[in-house]
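Q: Got a minute to go through this one with me? I'd like to start with the ligand and then move on to the fold.

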Amino acid sequence: MTTALITGSTAGIGAAFARRLAADGHNLVLVARDTERLQDQATELHDRHGIEAEVLTADLATDDGIAAVEERLKDRKAAVDLLVNNAGFGNKGRYLEVSMADELTMLKVHCEAVLRLTSAAASAMRERGRGGVVNVASVAAFVPRGTYGASKAWVVQFTQGAAKDLAGTGVRLMALCPGFVRTEFHQRAGMGTDNIPNWMWLDADKLVSAALTDLSRGKSLSIPDPRYKALMGVVKVTPRSLLGGVTSRTGRKYGPQ
Ligand SMILES: NC(=O)c1ccc[n+]([C@@H]2O[C@H](COP(=O)([O-])OP(=O)(O)OC[C@H]3O[C@@H](n4cnc5c(N)ncnc54)[C@H](OP(=O)(O)O)[C@@H]3O)[C@@H](O)[C@H]2O)c1
């Protein structure tokens, strides 16, 4: 039986990964800050699918939290075969409206934690000659869109670069770039979603299913929906000066309320 560790497992995309991987018979290590919610999730997944689900409470905005998850990933006696770096959040407000402390917390969770956890997992996986890492980025990585988009651009560049360096070792790394997904994300950030057209919303379970198919095919970048693949194709050929205008208008329309 293989084991998957998922950060931000208790809600949204992370919870969809947990459901799918448990249904496929993987044991799980569930990571988030809310211990009670983690324990309820572990019990439910164990009872429903007969898998073992460990709970690891950690705040990935802190050094101690990141170190605790690193330690678990380095444990050779209880190897982790798949890491899903998914924990993340949005900040309310555009540039200079967000406090420096909140900007830095975002970089800690989206970049430093992803760097350190990927590295801890990948080095143990390379020794065993197999394993996978999914780093959840966003299509926001491809448009100029504040610290959120910049942090997700880092996730994409870092993951694809590391994937290239580890080619042939048996360790697969993939950046996953969802569009809008119905989760707790927007509500937690205080962002309004009423104006987002229905066709732009993705289902978390379908997203995870497409992502795991892409990982099994050895892709290092997954944009798992034809609508967003088409949109990102347009973005690629649009001058960045135009994109800046569109994304800041989008920010005003769909952004914090
Ligand atoms: N929803 C979207 O439209 C969308 C689109 C593109 C990309 N994404 C990305 O997808 C990922 C998951 O987002 P989601 O939409 O599923 O969000 P969500 O529903 O708000 O879930 C976030 C999860 O992360 C955990 N978490 C948050 N901060 C944490 C921290 N400091 N340390 C440890 N765990 C933490 C939360 O649990 P606790 O609060 O208990 O810690 C929760 O389990 C994020 O990286 C996000 O940027 C989302």
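Q: So how many residues surround the ligand, and which are the closest?
A: This is a predicted model. In it, 30 residues surround the ligand, and the closest are Gly8, Gly12, Arg33, Gly88 and Phe185.

Q: Which elements give two or more residues to that shell?
A: Those are α1, residues 12–23, and α6, residues 185–188. α1 gives the most, with three residues.

Q: And how does the shell divide into nonpolar, polar and charged?
A: You get 14 nonpolar residues, 10 polar ones and six charged ones.

Q: OK, on to the sheet. What's the strand order?
A: The order is β3-β2-β1-β4-β5-β6-β7, an open sheet of seven strands with parallel pairing. β3 (53–57) and β7 (221–222) are the edge strands, each pairing on one side only.

Q: Over how many bridges do β1 and β4 pair?
A: Three, in the parallel sense, between residues 3–7 of β1 and residues 82–85 of β4. For instance, Ile6 has Val84 in β4 as its bridge partner.

Q: Back to α1: which strands does it lie across?
A: α1 lies across β1, β2 (27–32), β4 and β5 (131–136), and it runs at about 170 degrees to β1.

Q: What about α7, which strands does that helix touch?
A: α7, residues 204–216, packs on the sheet and touches β5, β6 (171–176) and β7. Its direction makes about 145 degrees with that of β6.

Q: Last thing: what does the pLDDT average over the chain?
A: It averages 93, and 93% of the residues score at least 70. Over residues 251–257, though, pLDDT stays under 50. For that stretch the model has 14 contacts beyond four places in sequence.

Definitions and conventions. Residues numbered from 1 in each chain as written. Predicted model: local features only at pLDDT ≥ 70, side-chain atom pairs only at ≥ 80, totals over all residues. Near = placed C-beta within 6 Å. Helix = DSSP H or I, 4+ residues; strand = E, 2+ residues; numbered from the N terminus. Nonpolar A, V, L, I, M, F, W, Y, C, P; charged D, E, K, R; others polar. pLDDT = per-residue confidence, 0-100. Contact = placed C-beta atoms within 7 Å. Pairing = 2+ DSSP bridges. Axes fitted to C-alpha atoms, helices over the stretch in contact; angles between N-to-C directions.
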